[in-house]
Amino acid sequence: MSESYTQPSFFSSHAIDHACAGLGAGVVSVLCMHPLDLLKVKFQVATESPKGGVGKQIWFALKGIKELEGWRGLYRGVGPNIAGNASSWGLYFLFYNQLKQRAMLENPDRPLSAGQYLLCSAEASSHSLFRLCRYRNPDESNMGREKLDGFKTIYRSEGLAGLYRGTSLALVGVSNGALQFMTYEEMKRWAFERKKRQYATAGKEWTAKDEKLSNTAYTIMSGGSKLAALTMTYPYQPIAPHYKNDSSLARTHHRTIMSTVKHTWANEGTHGFYRGLGTNLVRVLPGTCVTFVVYENLAWMLKRAAAKREARKGINS
């Protein structure tokens, strides 16, 4: 279903409406998922292997933090997480809808193709090369100084080319979000077409109030699109740290992307490219579903509020 930009917006533009919806979705997602992000760090630095199944590990870890530190302990560091995650989603939806609106200028009544969705989402999710310094300097307690020192160290040892090392892998990372949004938009378009056919069969009139799917549908579509995108692009994630770090192994076997791929395949096989996929899915899928469900509902609320405001203006005039 094509996005209608001819209807009134609640704020100054439709892109701002969607940015606010994305911002709110990011905040709610962080509040729901922050304790699990905290556990991810806790498990990563643990010196002993956790016992029991994943469910028991999560439950006892959360219970332990709650007993020792109270609710405040479960949300330690939530402020920076909200600032980063919420602003990231807000900016993403701002740029994404601006790009979609521009792509629809030639033919507003025709829905965008899957390729156009892919290009819009890829451009919106483009990110800088600051990740390179995060691999080289994992301690971010003094983030600004660490990143500057990281740039200086890389430039002195590898030159300008070193600063752009791994750019191809970064583009694969961008494609994850692009594929997710392309799949999500296509699934949403199919769902709306199916809903319209059901209304036509039942003889029901289609109105602006019906331009919304159920929360269950949004949950399934967001989870399914994330699962598909992550499965297709995940192999770059185990490779990227090996290729970007400056260990002795990186200087011998991981000098290029292809040598890293060959070394991983020879030593670990297919498993090496999908190491940690299950854990990653458990971590990201709930947050993705929460984000998209909240975003769709907030965007819908702003859209309906704008329509009601315009209706009141028409009556008063």
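This report walks through the confidence, helices and aromatic contacts of one predicted model.

Local features here need pLDDT of at least 70 and side-chain atom pairs count only at pLDDT 80 or more, while totals for chains, interfaces and linings use all residues. Residues are numbered from 1 along each chain as its sequence is written, and side-chain values use heavy atoms, with hydrogens and water left out.

**Confidence**

Let's start with pLDDT, the predictor's confidence in each residue, from 0 to 100. Its mean over the chain is 75, with 62% of residues reaching 70 or more. Helices, by the way, are DSSP runs (H or I, at least four residues), numbered from the N terminus. Among the elements of the chain, helix H5 (residues 131–136) has the lowest mean pLDDT, at 40, and H9 has the highest, at 93. Residues 127–144 have pLDDT below 50, and beyond near neighbours in sequence this stretch has 32 contacts in the model, a contact meaning heavy atoms within 4.5 Å. Over residues 243–254 pLDDT also stays under 50, and the model has 32 contacts for them beyond four places in sequence.

**Two helices**

The expected span of a helix is 1.5 Å times one less than its number of residues. Here is how H3 and H9 do:

| Helix | Residues | Expected span | End-to-end C-alpha distance |
|---|---|---|---|
| H3 | 26 residues | 38 Å | 37 Å |
| H9 | 19 residues | 27 Å | 27 Å |

For H3 (residues 78–103), the two values agree. Buried means under 20% relative accessible area, exposed over 50%, and partly exposed in between (1.4 Å probe, protein chains only). The buried residues of H3 include Val 78, Ala 86, Gly 90, Leu 94, Asn 97 and Lys 100. In H9, the buried set includes Tyr 218, Met 221, Lys 226, Ala 229 and Leu 230. Ala 228 lies in H9 (residues 215–233), but at 30% relative accessibility this residue counts as partly exposed. Ala 228 also sits 10.0 Å from Tyr 184, C-alpha to C-alpha, with their positions 44 residues apart in sequence.

**Aromatic rings**

A pair of aromatic rings is described by the distance of the centres and the angle of the planes. Rings of Phe, Tyr and Trp (its six-membered ring) pair if their centres lie within 6.5 Å; planes under 30 degrees apart are stacked, over 60 edge-to-face, and the rest tilted. The structure holds 14 such pairs. One of them joins Trp 89 and Tyr 92, edge-to-face because the centres are 6.3 Å apart and the planes at 75 degrees. These two are three residues apart in helix H3, so about one helical turn separates them. Both Trp 89 and Tyr 92 are buried.

Tyr 96 and Phe 181 are edge-to-face too, at 5.0 Å centre to centre and 70 degrees between the planes. This pair links distant parts of the chain, with Tyr 96 in H3 and Phe 181 in helix H8 (residues 167–202), 85 residues apart. Tyr 96 and Phe 181 are both buried. Ring pairs also tie a cluster together, with Trp 89, Tyr 92, Tyr 96, Phe 181 and Tyr 184 among its members.

**Charges and cysteines**

A charge sits over a ring if NZ of Lys or CZ of Arg is within 6 Å of the ring centre and within 35 degrees of the ring normal. Lys 204 lies over the face of Tyr 199, 4.3 Å from the ring centre, and Arg 309 over that of Phe 10, at 5.0 Å.

With a disulfide taken as a pair of cysteine sulfur atoms within 2.5 Å, the count comes to zero. Cys 20 counts as partly exposed at 31% relative accessibility, whereas Cys 289 counts as buried at 16%.
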